[in-house]
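Reader: I am new to this structure and would like a close look at one part of it. Please choose a place to begin, and explain your terms as you go.

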Amino acid sequence: MQVTYGLAGIVVAAFFIAKLSERPNLDAIPTVGSSTWLGSWWASIKCLTKLADVVQEGHEKHKGAPFKVAGLCGWKVVVSGPQFVEDVRKASDDELSLMEAANDSLNLEYTLGHDVHHNPYHVAIIRSQLTRNLGILYTDLRDEIVTAFEEILDLRGNEWKSVPAFQTVQTVICRASNRMFVGLPLCRDPNWINLAMGFTLDVIKGGVTIGLFPKVLAPLVARFMTSVPRSARRGMKYLGPIIEERRRHLEEYGKDWADKPNDFLSWLMDHPEASDSSIKDLTLRILSVNFAAIHLFTQALYILAANPQYMQPLREEVESIVEKDGWSKGALVKMRKVDSFLTECHRIEGIGCVSVTRKVMKDFTFSDGTVLPKGTLLTTASQATHLDNEIYENAGTFDPFRFANMREEEGEGIKHSYVSTTSEYLAFGHGKHACPGRFFSGTELKAMLAHVVLSYDIKLEDNTTRPCNLHVGIHIVAHPTAKVMFRKRVH
């Protein structure tokens with residue numbers, strides 16, 4: 001047994017040495033943390049929980065200029081400042097690649113499969129049909145949000161009830177999203193919802209596991225040491241019969257038949273490239289669009305519960321607009337304080353300390369002359385930018401209506417709305433690869449916040465302080481077990 005462990009240790013060590021030896025030469029880029037071989041490896045271990053602090057230090061020390069931080073298998077170059085963000089935004093995909101950066105981090109061609117990774121036509125559907133249908137399908141989205149909150153909270157009379165915030169938000173968002181993705185009744189099936197909620201984590205864990213082994217072993221590791229294949233098989237049990245039935249209708253009646261569901265699955269199956277797709281391929285695409293802003297809304301809920309003084313101005317805005325315009329997509333657009341509250345949550349908390357991550361596909365020169373060699377992983381110090389006092393006044397202070405006030409100063413513009421991206425607000429990335437689902441996510445989260453403030457009183461359990469976030473690598477995770485108390489609103 002000891003010999004086996006010893007051999008395994010040698011293999012792992014040899015692999016890391018090989019990985020490290022393949023790293024592009026970045027000696028010209030200043031380092032934050034140790035720059036020695038062993039020191040950088042140890043620094044990368046510490047970065048698993050302290051990366052946000054390291055990036056913040058680099059942002060303050062190098063102010064706009066590139067610097068590098070250690071990762072387990074290589075350096076990450078971090079940039080900030082409008083000049084460098086614009087350089088990244090303007091770069092072509094054959095210079096700086098989002099897809100290859102994602103593949104390097106999560107091994108998507110082995111978790112989601114070659115076709116889904118290399119031909120992500122579902123992303124174009126998110127950008128087009130999903131966004132275009134938000135007004136048409138808003139009634140369904142709101143119905144699912146209202147129903148999900150009622151069923152999950154199950155409040156009695158006027159009593160307070162304590163619920164796990166993260167789990168509650170996760171279920172509501174997953175149900176509401178899947179009302180748009182696969183429709184009723186599947187969006188309310190607890191087994192489908194559990195599968196959809198867990199799939200993103202399956203992909204992340206699977207990608208990290210695959211990354212610990214040499215590339216030649218990736219297909220075997222993906223098949224036997226990750227849970228993604230099992231999740232795909234489970235998903236096919238639910239979606240397979242639905243897909244087959246819809247294909248029969250397509251063959252018999254063409255693309256337009258009576259009572260054809262208007263959901264993401266239909267749009268996906270209508271795509272020219274979907275006709276030859278397997279049920280597994282379609283299932284993986286549906287599961288992969290189950291991106292969800294769970295952490296952000298959970299953080300918003302914690303902030304609101306810890307600061308009851310924010311409730312009244314939000315309620316007044318929602319009530320006055322709904323009284324005039326009803327519950328509609330158009331009404332949401334007018335809710336600037338609701339929009340600002342979520343924007344400020346995303347600015348000061350966020351879901352990651354970096355964004356706009358790219359892989360350098362060929363030697364890339366920034367406008368100041370700095371050269372990044374091919375193979376470099378490049379990212380942007382988004383959280384440090386959001387917390388920079390030179391960009392935002394009192395940047396470290398949560399100001400719920402900061403962005404609503406900025407919009408008032410500039411008139412009717414949408415520059416500071418939740419879904420806008422600029423070189424100074426990078427919550428959804430920036431440029432042509434900004435998150436394509438941000439319009440859907442923004443509509444969903446604003447609808448949820450408007451419903452919560454109008455329907456419930458909330459507070460933290462035992463009036464404790466707001467639960468702290470957890471930091472895991474680049475990710476900022478809302479506290480996963482803290483509880484928030486709800487009761488039906490007392491008018």
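**Helix H4 and the domain contact**

Author: Directly after helix H4 comes Asn107, whose phi is positive, near 50°. Helices here are DSSP runs of H or I with at least four residues, strands are runs of E with at least two, and both are numbered from the N terminus. This is a predicted model, in which local features need pLDDT of at least 70 and side-chain atom pairs count only at pLDDT 80 or more, while totals for chains, interfaces and linings use all residues. Residues are numbered from 1 along each chain as its sequence is written, and side-chain values use heavy atoms, with hydrogens and water left out.

At the other end of the helix, where H4 starts, a side-chain oxygen of Ser97 comes to within 3.4 Å of the backbone nitrogen of Met99. In what follows, a polar contact is a pair of N or O atoms within 3.5 Å; within protein, one must be able to donate a hydrogen and the other to accept it, and residues adjacent in sequence count only if both atoms are side-chain atoms.

H4 also takes part in a link to a distant part of the chain. Its residue Asp104 forms a salt bridge with Lys359, the closest N and O atoms being 3.2 Å apart, and this pair joins H4 to strand S5 across 255 residues of sequence. A salt bridge is counted when a side-chain nitrogen of Lys or Arg lies within 4 Å of a carboxyl oxygen of Asp or Glu. The two partners differ in how much surface they show: Lys359 is buried, at 19% relative accessible area, whereas Asp104 is partly exposed, at 37%. (Buried means under 20% relative accessible area, exposed over 50%, and partly exposed in between, with a 1.4 Å probe and protein chains only.)

To place this link, it helps to look at the domains. Domain 1 covers 1–112, and domain 2 covers 119–351 + 388–488; these bounds come from an automatic or database domain assignment. Their contact, meaning heavy atoms within 4.5 Å, takes 27 residues from domain 1 and 30 residues from domain 2. The area buried between the two domains is about 2200 Å², and carbon and sulfur atoms give 66% of it; buried area is the accessible area (1.4 Å probe) that two parts lose on being put together, summed over both. Residue pairs in polar contact across this boundary number 6, with both residues at pLDDT 80 or more. On the side of domain 1 that touches domain 2, at least two residues each come from H1 (2–21), H2 (37–62), H3 (82–90), H4 (98–106) and H5 (108–111), and H2 gives the most to that side, with 6 residues.

The rule finds 2 salt bridges across the interface of domain 1 and domain 2. In the one between Lys63 and Asp388, the side chains meet at 2.6 Å, N to O. Lys63 sits in the loop between H2 and strand S1 (67–71) and Asp388 in the loop between helix H19 (382–386) and H20, so the pair ties together parts that are 325 residues apart in sequence. Lys63 is partly exposed at 41% relative accessibility, while Asp388, at 8%, counts as buried.

Helix H20 (residues 402–409) holds Arg402, which is buried at 8% relative accessibility. Leaving aside residues up to four places away in sequence, Arg402 touches Ser340, Glu344, Arg347, Tyr392, Glu393, Asn394, Ala395 and Thr397. Of these neighbours, Asn394 has its backbone oxygen 3.3 Å from a polar atom of the side chain of Arg402. Further along, Glu408 forms a salt bridge with Arg336, the closest N and O atoms being 3.5 Å apart. Glu408 lies in helix H20 and Arg336 in helix H18, so this pair ties together parts that are 72 residues apart in sequence. Glu408 is exposed at 56%, but Arg336 is buried at 13%.

Past H18 (336–348), Glu349 lies in the loop that leads to strand S5 (355–360), the strand in which Lys359 is found. Glu349 is buried, with a relative accessible area of 9%, and its side chain makes a polar contact with the side chain of Asn469 at 2.4 Å. Beyond residues up to four places away in sequence, its contacts also include Gln299, Ile303, Gln383, Arg466 and Ile476.
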